[in-house]
Each structure stands twice: as structure tokens, then as C-alpha cells.
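Please walk through this protein with me, one region at a time. Keep the sequence and the structure side by side as you read.

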Amino acid sequence: MKIIDTHAHYDADWFDEDRYELIERILSENVLAFINIGCDIKSSNFSADLSEKYDNVFATVGIHPEMASDIEEGYIEKLKALCKRKKVVAIGEIGLDYHYEGYDREKQIELFKNQILLAKELKMPIVIHSRDATEDTMSILRELRPEKAVMHCYSGSAETAAELVKMGIMISFTGVLTFKNSKKAVKACEETPIEMLMLETDSPYMAPTGYRGQRCDSSMTHVTAEKLAEIKGITKDEAIKICNDNAVRFFGLDIKA
């Protein structure tokens, strides 16, 4: 069964040598669709353009927290204009990232809040990035209550996942779910209702077990689906169908046969 990868970055330099050949191959083989994710204005434009090149490619537009120190003037208006492109399905990835030294907490929070408010204004979903910033991320989500959101690349606790689900926020897993040291992610997956789960790769990053250290692409979503099926005690095809249906419903994807 073909699969939907809800989060990929085909604008990354890792794909410069064979980007379009790879995309055409995986879409013809075992990938039903993928969503290319914006991280700044440039990559958001790329994502929107890419989505219009292929039937089952979609885009998000947004500014990643690591870009907070280099925000373009008038970025909200630029994002708002990009949201009018016909296959832009969400605002993201947006959020907080306190992983590296030298981050500007206040700028990141301002950027995150402004983009949530834009999504609420436009009635669009958001794709959330949160790394080493759970407390602030959850505080902002409790305060602003986005209407439709997914926590991407989830590796946090089952308790945090349960609170997200109570707020109506979806949980999305990458190849991290397959890692030997991913006990927290596995526990969170076990305890999250399957109708609240989606699958992704975060390509070219986060290659699953069996591909560690290699460039990840959307075809590897199948490896994570196998692990999710094992955790949930269902078949791989059942896991793919449910997660595909969740993605179509959440993002409003118009999938071409």
C-alpha cells in the first residue's frame, strides 16, 4: 500500500544532485503523497512551487524557530500571500527550539505566537516543531489554543502526548520511533489513539533503523509504519490506511488516483 509522508524537506542541499528524479521515482513506487515543509520565506516559496509541479505533492509555509534571528521584514504578510497558493495546506513548521546555544527565547516565542495567530485568522492547521522547549511550547499552546495542529517528529513523554491529544492536537512520528533508545516515543505511541497519529520522515533527516546515517526520503515512511503497526498490534497496511486517512482529513489533501 502506498503511503503519505506528512513532513519532508526536498529543498535541502542533500537532494541537489537527484531531487526531481528521486521524487518522480518514489511517487511512482510506494509513496502516495508527501508534504514539503517551509522553514523560511525561501523554502516556503520552494515548497509552494514544488507542490504545483506534481499532483500529490503539497506544501506548508512558515518560519522555523532557528530562523528567529533572521526574520524578514513583513514576514507575516509574505506568509499570508503564500497561503493563497492553491496547494499550501498548513502553516509550518513553527515552534520553539532551545537546543543550540545562543538562541533568542523571546524572539522565538514572538515568532511562534504570531504565526499561530495568522493560522487562526486564516483557519489553517499548524505544524509544530518543539525541541528542548516543552514547557514553553505547552504554555503557548494552552494560551492560544490553535484550532488545528500537529506536533511533528514527536519524541516526548506519553503524559505530554496525552495533554496534546486532549487539546485536539495530532501527534506525528518519524523514524525516531524505530530507534532502540526511543522508549519514550514508543510509550507515547502506545497510549495515543490511532486516529490522532500521522507518519512522516523529516527527510533528509531522521532516517529509520536500517538506514541510519543515510539520506532519508519519503519511501522510508514505510519502516516507521511497520513499527507503528507492531506497537498497535495491527497489520502494516491497516496502519498505513489509518494514518493516510488521518493525514487527508487533517490537511484537507486532494489526492489524485
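**A walk from helix α5 outward**

In helix α5, which spans residues 134–144, the buried residues are D136, T137, M138, I140, L141 and L144. The model is predicted. What do the buried residues of α5 pack against? Their partners are two helices and three strands by name: α4 (105–122) and α6 (158–166), with β4 (88–97), β5 (126–131) and β6 (149–151). Just after α5 comes R145. Its phi is positive, near 45°.

Turn now to β5, one of the partners of α5. Strand β5 holds I126. Is I126 buried or exposed? I126 has a relative accessible area of 0%, so this residue is buried. The cut-off for buried is under 20%. Which residues does I126 touch, leaving out those up to four places away in sequence? The list is I91, I94, I116, A119, P146, K148, A149, V150 and F250. I91 and I94 fall within the span of β4, 88–97. I116 and A119 fall within the span of α4, 105–122. A149 and V150 fall within the span of β6, 149–151. For a longer view, take I126 with H64. The two are 62 residues apart in sequence. In space, their C-alpha atoms are 12 Å apart.

Next, the backbone. Most residues other than glycine have a negative phi, and most peptide bonds are trans. Some places here depart from that pattern. The peptide bond from G92 to E93 is cis, with omega near 5°. E93 sits in strand β4, and the buried residues of α5 pack against β4. Another cis peptide bond joins S203 and P204, with omega about 10°. P204 lies in the loop between β8 (197–199) and α8 (221–232).

Positive phi values come next. D132 is a residue other than glycine, yet its phi is positive, near 55°. Where is D132? D132 is in the loop between β5 and α5. Its relative accessibility is 53%, so D132 counts as exposed. C153 also has a positive phi, near 50°, and is not a glycine. C153 lies in the loop between β6 and α6. At 15% relative accessibility, C153 counts as buried, because the cut-off is under 20%.

C153 leads to the cysteines. A disulfide is a covalent bond between the sulfur atoms of two cysteines. How many disulfides are counted? The count is zero. C153 is in no disulfide, and the nearest cysteine sulfur, that of C216, is 10 Å away. C189 is in no disulfide either; for C189 the nearest cysteine sulfur is that of C243, 8.1 Å away. The cut-off for a disulfide is 2.5 Å, so neither distance qualifies. C189 counts as buried, because its relative accessibility is 0%.

Now the rings. A pair of aromatic rings is described by the distance of the centres and the angle of the planes. The structure holds six aromatic pairs. One of them is formed by Y98 and Y103. Their centres are 4.5 Å apart, with 10° between the planes, and the pair is stacked. Are these two rings' residues buried or exposed? Y98 has a relative accessible area of 12%, so Y98 is buried. Y103, at 38% relative accessibility, counts as partly exposed.

F250 and F251 form an edge-to-face pair, because their planes stand at 85° with centres 4.7 Å apart. The cut-off for edge-to-face is over 60 degrees. F250 counts as buried, at 4% relative accessibility. F251 is buried too, with a relative accessible area of 6%. Elsewhere, Y10, F15 and F34 form one aromatic cluster.

Last, two lysines over rings. K148 lies over the face of F250, at 5.6 Å from the ring centre. This brings the path back to I126, which touches both K148 and F250. K53 lies over the face of Y20, at 5.2 Å from the ring centre.

Terms used. Residues are numbered from 1 along each chain as its sequence is written. This is a predicted model: local features need pLDDT of at least 70, side-chain atom pairs count only at pLDDT 80 or more; totals for chains, interfaces and linings use all residues. Side-chain values use heavy atoms; hydrogens and water are left out. Buried means under 20% relative accessible area, exposed over 50%, partly exposed in between (1.4 Å probe, protein chains only). Helices (H or I, at least four residues) and strands (E, at least two) are DSSP runs, numbered from the N terminus. Contact means heavy atoms within 4.5 Å. Rings of Phe, Tyr and Trp (its six-membered ring) pair if their centres lie within 6.5 Å; planes under 30 degrees apart count as stacked, over 60 as edge-to-face and the rest as tilted. A charge sits over a ring if NZ of Lys or CZ of Arg is within 6 Å of the ring centre and within 35 degrees of the ring normal.
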